[in-house]
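Biologist: Please take a close look at one part of this model for me, and then walk me through how it connects with the parts around it. I work at the bench, so plain words for the terms would be welcome.

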Amino acid sequence: MTKRSTKPLADFLPYQLSITANAVSNLIAREYESRFGLKIFEWRIMAVLGDVGQATQSALVDFTLMDKVAVNRACKVLADRQLIERRPHGSDRRSHQLQLTSAGNELHDEIMPLAVEIEKRLLGEVTAEELEMLTTTLLRLRDASKELIDAN
């Protein structure tokens, strides 16, 4: 008989990060889908394009850490809804530059105050010092993860 790990799953940090991210995503997704008809992956694409202006699908994969299939599906839905537009990439005929349309920008500007409000409610009991420490820790964990992936 093999010996079980002495650490319960509930105490395993990757598990805690995953379920916390899922809980927060589900909270946000429920609001965005009911109010705007957007799934969370679609909103992530819109949010990134709202920040960077334009990007290729490959760059969106890198920015969001979503898989290629999810990015492709989200971009197709957003293009079908005329919230993003595709333009040929000048130096690479196989890829396209994506950017928000005017309707996409309007929707983005409508959603951002809601996103800020959800964040405010979510962090209501978190002090400024705790938030700074959490943000720093999450960035360090993300960087360490990238380093470990790149090392393999």
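Modeller: E85 lies in strand β2, where strands are DSSP runs of E with at least two residues, helices are runs of H or I with at least four, and both are numbered from the N terminus. This is a predicted model, in which local features need pLDDT of at least 70 and side-chain atom pairs count only at pLDDT 80 or more, while totals for chains, interfaces and linings use all residues. Residues are numbered from 1 along each chain as its sequence is written, and side-chain values use heavy atoms, with hydrogens and water left out.

With 27% relative accessibility, E85 is partly exposed; buried means under 20% relative accessible area, exposed over 50%, and partly exposed in between, using a 1.4 Å probe and protein chains only. Leaving aside residues up to four places away in sequence, E85 touches Q97, L98, Q99, L100 and T101, a contact being heavy atoms within 4.5 Å. S102 is 17 residues from E85 in sequence, and their C-alpha atoms are 9.7 Å apart in space.

Just before this strand comes Q82, in the loop between α4 and β2 (84–88). Its phi is near 60 degrees, a positive value in a residue other than glycine. For background, most residues other than glycine have a negative phi. Q82 is exposed, with a relative accessible area of 58%. L65 shows a similar feature: it has a positive phi of about 60 degrees and is not a glycine. L65 sits in the loop between α3 and α4 (68–80), and at 67% relative accessibility it counts as exposed.

Let me step back to the whole chain for a moment. The protein chain has six helices and three strands, and along the sequence they follow the pattern α-α-β-α-α-β-β-α-α. Its C-alpha trace spans about 55 × 40 × 30 Å along the principal axes. Of the 152 residues, 28% are buried. Among contacts with a separation of 6 or more, 51% join residues 24 or more positions apart.

The part I would like to linger on is helix α2, residues 40–52. This helix has 13 residues and reaches 18 Å from its first C-alpha to its last, close to the 18 Å expected at 1.5 Å a residue; the expected span is 1.5 Å times one less than the number of residues. Its buried residues are I40, E42, W43, I45, M46, A47, V48 and L49. Just after α2, G53 takes a positive phi of about 95 degrees.

What does α2 pack against? One partner is α1, at an angle of about 85 degrees and with the axes 9 Å apart. Axes here are lines fitted to C-alpha atoms, for helices over the stretch in contact, and angles run from 0 to 180 degrees between N-to-C directions. The two helices are therefore roughly perpendicular, a label for angles of 65 to 115 degrees, with under 35 roughly parallel, over 145 roughly antiparallel and the rest oblique. S25, I28, A29 and Y32 of α1 meet I40, W43 and R44 of α2. These contact residues divide into five nonpolar, one polar and one charged; Ala, Val, Leu, Ile, Met, Phe, Trp, Tyr, Cys and Pro count as nonpolar, Asp, Glu, Lys and Arg as charged, and the others, Gly among them, as polar.

S25 belongs to helix α1 and is buried, with a relative accessible area of 17%. Setting aside residues up to four places away in sequence, S25 touches I40 and R44.

The model has one aromatic pair, where rings of Phe, Tyr and Trp (its six-membered ring) pair if their centres lie within 6.5 Å, and planes under 30 degrees apart count as stacked, over 60 as edge-to-face and the rest as tilted. The rings of Y32 and W43 have centres 5.3 Å apart and planes at 70 degrees, so this pair is edge-to-face. Y32 lies in α1 and W43 in α2, so the pair ties together parts eleven residues apart in sequence. Y32 is buried at 2% relative accessibility, and W43 is buried at 7%.

Another partner of α2 is α3 (residues 57–64): their axes come within 11 Å and cross at roughly 105 degrees. That makes α2 roughly perpendicular to α3. I45, V48, L49 and V52 in α2 meet L60, F63 and T64 in α3, and the residues of this contact are six nonpolar, one polar and no charged.
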